[in-house]
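Here's a walk through a barrel fold, with some notes on helix packing and a few individual residues. Have the viewer open alongside.

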Amino acid sequence: MRILLAPMEGVVDHLMRDMLTRVGGFDLCVTEFVRVVDQKLPKKTFFKICPELHHGSCTPAGVPVRVQLLGQEPGWLAENAQTAVELGSPGVDLNFGCPAKTVNKSKGGAVLLKETETLYSIVKAVREAVPSSQPVTAKIRLGFEDKSLAIENAVAITEAGADQLVVHARTKTEGYKPPAYWDWIDKIRQHTSIPLVANGEIWHAQDAKQCQAQSGCMDIMLGRGALAMPNLARTIKHQEPIMPWHEVADLLIRYSGYEIYGDKGRYYPNRIKQWCGYLKRQYAQADVLFNDIRRMQKAEDIVAVLQRQSSQGTED
Ligand SMILES: Cc1cc2nc3c(=O)[nH]c(=O)nc-3n(C[C@H](O)[C@H](O)[C@H](O)COP(=O)(O)O)c2cc1C
């Protein structure tokens, strides 16, 4: 079984990838999307989204990180895919699932699920531009408004030469509302020959088992579930118990960047609050923490609260 860490724009950045891959259980990360419109992007854009490119495109724990592109124009996507691979990304991933209005208005993301031929042209152009030793992978939802093109789209992506397809088992209209229709991944699997990766609504080891059984896929991708339980991948692979809260508090301290950067601004405090929002699903303590730190703007103050929680846990 392979477990992939999901791309999550604005949430899973290089720091979060570092945290979660240190905890372990992940085999591959995919970056937040690089938006491609009508130009060859400068290298700095790729390094900004994927600083791991400076280190062989691996996280400090040694897990490979693949750059994801989002766009609608095959030629420009192909050129930028080439750049990503030249800079060291292990292949390139194409995003056909983003529900954001701004992206869909300019014809990127999930709206392309209504245009099977465009999906085909994009994957084909990117496949031709990238050396055959490097994988070209894609990520889709089951459709835009309905699931009528789910199989056709997956077949087109396969025939265009993709090496792997992640399926987030919901339409764009279904958003992030449970359930995820894992059985639809099985329907797609019966019509495609490339490896599929099942994604959506995996919060516990038990969900992973059910998802694997219903989708027929061994490989899975974890998004929000991994943020809610940092060792979710290890609970799935190694039947490890859920990480105790004091260890989560340690991760939050590291994520704050305080130990490295000191109290420099609001960026990291806000990210901690955002992560708390996800952790609340598994840890009642995250709710308490969020209320305690809600009005705090200084990393120093937040870290002091976290340090108390971290040492309380070890005294238990
Ligand atoms: C805040 C947020 C940002 C996301 N950004 C991306 C993205 O940049 N690229 C992408 O392919 N999917 C993105 N997704 C979708 C996730 O990768 C994943 O498919 C989705 O969250 C379902 O998986 P989960 O139930 O395990 O979270 C995003 C999801 C969320 C909630």
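## Helices against helices

H7 passes H8 in a right-handed crossing (the near helix is turned clockwise from the far one by less than a right angle). Before going on, note that this is a predicted model: local features need pLDDT of at least 70, side-chain atom pairs count only at pLDDT 80 or more, and totals for chains, interfaces and linings use all residues. Residues are numbered from 1 along each chain as its sequence is written, and side-chain values use heavy atoms, with hydrogens and water left out. Helices and strands here are DSSP runs, numbered from the N terminus (H or I, at least four residues, for helices; E, at least two, for strands).

Back to that first pair: H7 covers residues 182-189 and H8 covers residues 205-215. Their axes (lines fitted to C-alpha atoms, for helices over the stretch in contact) sit 7 Å apart, and the packing angle is about 35 degrees (angles run from 0 to 180 degrees between N-to-C directions). On the H7 side, the residues in contact (heavy atoms within 4.5 Å) are Trp182, Asp183, Ile185, Asp186 and Arg189. What they meet in H8 is Asp207, Gln210, Cys211, Gln214 and Ser215.

Now for H1 (residues 14-23) and H11 (residues 245-256), whose axes come within 10 Å and cross at roughly 150 degrees. These two helices are therefore roughly antiparallel to each other (over 145 degrees). The crossing of H1 and H11 is right-handed too. H1 brings Leu15, Met16, Met19, Arg22 and Val23 to the contact, while H11 supplies Leu251, Arg254 and Tyr255.

How enclosed is H1 by the rest of the structure? Largely so, because 8 of its 10 residues are buried (under 20% relative accessible area, with a 1.4 Å probe and protein chains only). The buried residues are Leu15, Met16, Arg17, Asp18, Met19, Leu20, Thr21 and Val23. Just after H1 comes Gly24, with a positive phi of about 105 degrees.

## The barrel

What do the strands make? There are 8 of them closing into a barrel, in the order S1-S2-S3-S4-S5-S6-S7-S8, and the pairing (at least two DSSP bridges between two strands) is parallel. On average, neighbouring strands of this sheet are turned by 30 degrees against each other, direction ignored.

At the start of that order, S1 (residues 3-5) and S2 (residues 28-35) pair in the parallel sense through 2 bridges. Leu4 has Leu28 of S2 standing opposite. H1 turns up again here, packing on the sheet and touching S1, S2 and S3 (65-70). The direction of H1 makes about 170 degrees with that of S2.

Further round, S5 (residues 136-143) has 8 of its 8 residues buried, so the strand is largely enclosed by the rest of the structure. S4 (residues 92-96) runs parallel to S5, with 5 bridges joining them, and Val92 faces Val136 in S5. With S6 (residues 164-171), S5 forms 6 bridges, again in the parallel sense. Lys139 has Val166 of S6 as its bridge partner. To get from S5 to S6, the chain goes through H6 (residues 150-159), and this β-α-β crossover is right-handed (with the strands pointing away from the viewer, the path from the first strand over the helix to the second runs clockwise). H6 itself lies across S4, S5 and S6, at about 170 degrees to S5.

## Three residues to click on

Partly exposed in this table covers values between the buried limit and 50%.

| Residue | Where | Relative accessible area | Class |
|---|---|---|---|
| Asn80 | H3 (residues 74-86) | 0% | buried |
| Thr59 | loop between H2 and S3 | 3% | buried |
| Pro42 | loop between S2 and H2 (43-49) | 38% | partly exposed |

Which residues does Asn80 touch, not counting those up to four places away in sequence? They are Val36, Gln39, Lys40, Leu41, Phe46 and Leu69.

Thr59, counted the same way, touches Arg17, Thr21, Cys29, Glu52 and Val65. Two of those names, Arg17 and Thr21, also appear among the buried residues of H1. Thr59 is 40 residues from Met19 in sequence, and their C-alpha atoms are 9.2 Å apart in space.

Pro42 has a sequence-distant companion as well: Thr83 is 41 residues along the chain, with 8.9 Å separating the two C-alpha atoms.

Note on methods
Angles under 35 degrees count as roughly parallel, over 145 as roughly antiparallel, 65 to 115 as roughly perpendicular and the rest as oblique.
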